[in-house]
Amino acid sequence: MTFRLFALTLLAMLAFAGNSLLCRVALKQTAIDPTTFFAIRIVSGALMLCLLLALRRQTGRVEGTWAGALSLVGYALAFSYAYTHVPAGTGALLLFGAIQISMILYGLVAGERLAAMQWAGTALAVAGLVALMWPSANAPPVFYGLLMILSGVAWSIYSLLGRGAKNPAAATAGNFIRAAPVAVALLLAQLAASHVRFDTAGAAYAVASGAVTSGLGYILWYAALKQLTVTRAATVQLSVPVLAALGGTVFLDEPMTALLIAASALVLTGVSLVIFNKRAA
């Protein structure tokens, strides 16, 4: 791995973990409500991606689909509401685990066959998520934990819809542009019901999440993906829940609980078994 590829990959993983931290700090430490955060994030991401396409003289190549845009809305909206009650590390693990398990299940439906070790890995990953959600003093509220899992499923759908894109940056921009009016409409509906809580600091976190860790983060990741094998791309994403958990402990004073450590070990080991056995197959 060259230094450039290492730097691109590291920055992309920090951006993905940063999304969890920015959303959590905004909804925990400021007065902004989840829908307002979500809407500002989507619109900021759309504007940043449009600017990037303009700088690259590709404004006429906006791609994407409405299905991709709606799955993006589902991911980001559920993500925002989940982080009102779920710690950063726990949320990232639920999100990551749901994404990977959804991808594995999609492969099965599409006709892929798993070796015995891959089935064992899938079972371990599911067991980790179940352990994390099992009612206990350290478990997240069930409803909000399920919201984060739903967010992961929506993101896996978004990824599957976009995997055949010829120009990932243009496809991402198109999806964000289509998602923006939907996000604004949801915000206006909430405003009409007088449930909007705007906060300057919270809005700044949302802009950072949309423009930097989402917009620029996705561009960095797509640049890295061109030089990564599928196995290595999947493997490096194992770092995201760990980075988010460490960030939550350092910046948000969230505890690194024994439950989170044990569930992380199960999920990351399980997914690793599936990934590495795919490489060996």
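**Figure 1. The second largest pocket holds about 220 Å³ of space.** The model shown here is predicted. The second largest pocket has 18 lining residues. Nearest its centre lie Pro87, Thr90, Asn138, Pro255 and Thr257. Three helices, α4, α10 (239-252) and α11, each give at least two residues to this lining. The largest share comes from α10, with four residues. Sorted by class, the lining of the second largest pocket has 11 nonpolar residues, six polar residues and one charged residue.

**Figure 2. The largest pocket encloses about 1400 Å³.** Its lining is made up of 44 residues. Closest to the centre of the largest pocket are Met103, Ser159, Trp221, Leu225 and Gln237. Many elements contribute two or more residues to this lining: α1 (3-29), α3 (66-82), α4 (88-109), α6 (142-162), α7 (168-192), α8 (200-225), α9 (230-236) and α11 (258-280). How does the lining of the largest pocket divide by class? It has 29 nonpolar, 11 polar and four charged residues. A general point helps in reading both pocket views. Rolling a probe the size of a water molecule over the atoms reveals where empty space remains.

**Figure 3. Helix α4 gives the largest share of the lining of the largest pocket.** That share is nine residues. Helix α4 also supplies at least two residues to the lining of the second largest pocket. Is α4 mostly covered or mostly exposed? It is mostly covered, with 17 of its 22 residues buried. The length of α4 can be checked too. At 1.5 Å a residue, its 22 residues should span 32 Å. The C-alpha atoms at the ends of α4 are 31 Å apart, so the two values agree. After α4 comes Gly111, which has a positive phi, near 110°.

**Figure 4. Two cysteines, Cys23 and Cys50, have different surroundings.** Cys23 has a relative accessible area of 0%. Buried means under 20%, so Cys23 counts as buried. Cys50 has a relative accessibility of 31%. That value lies between the 20% and 50% cut-offs, so Cys50 counts as partly exposed. How many disulfides does a search of the whole structure find? The search finds zero. A disulfide is a covalent bond that joins the sulfur atoms of two cysteines.

Note on methods: Residues numbered from 1 in each chain as written. Predicted model: local features only at pLDDT ≥ 70, side-chain atom pairs only at ≥ 80, totals over all residues. Heavy atoms only, no water. Disulfide = S-S within 2.5 Å. Buried < 20%, exposed > 50% of the residue type's maximum accessible area, 1.4 Å probe, protein only. 1 Å grid on protein atoms, 1.4 Å probe; cavity = no way out; pocket = protein on both sides within 12 Å on 5 of 7 lines; lining within 4 Å. Points joined across faces, edges and corners; volume = space filled by probe spheres on them. Nonpolar A, V, L, I, M, F, W, Y, C, P; charged D, E, K, R; others polar. Expected span 1.5 Å × (residues − 1).
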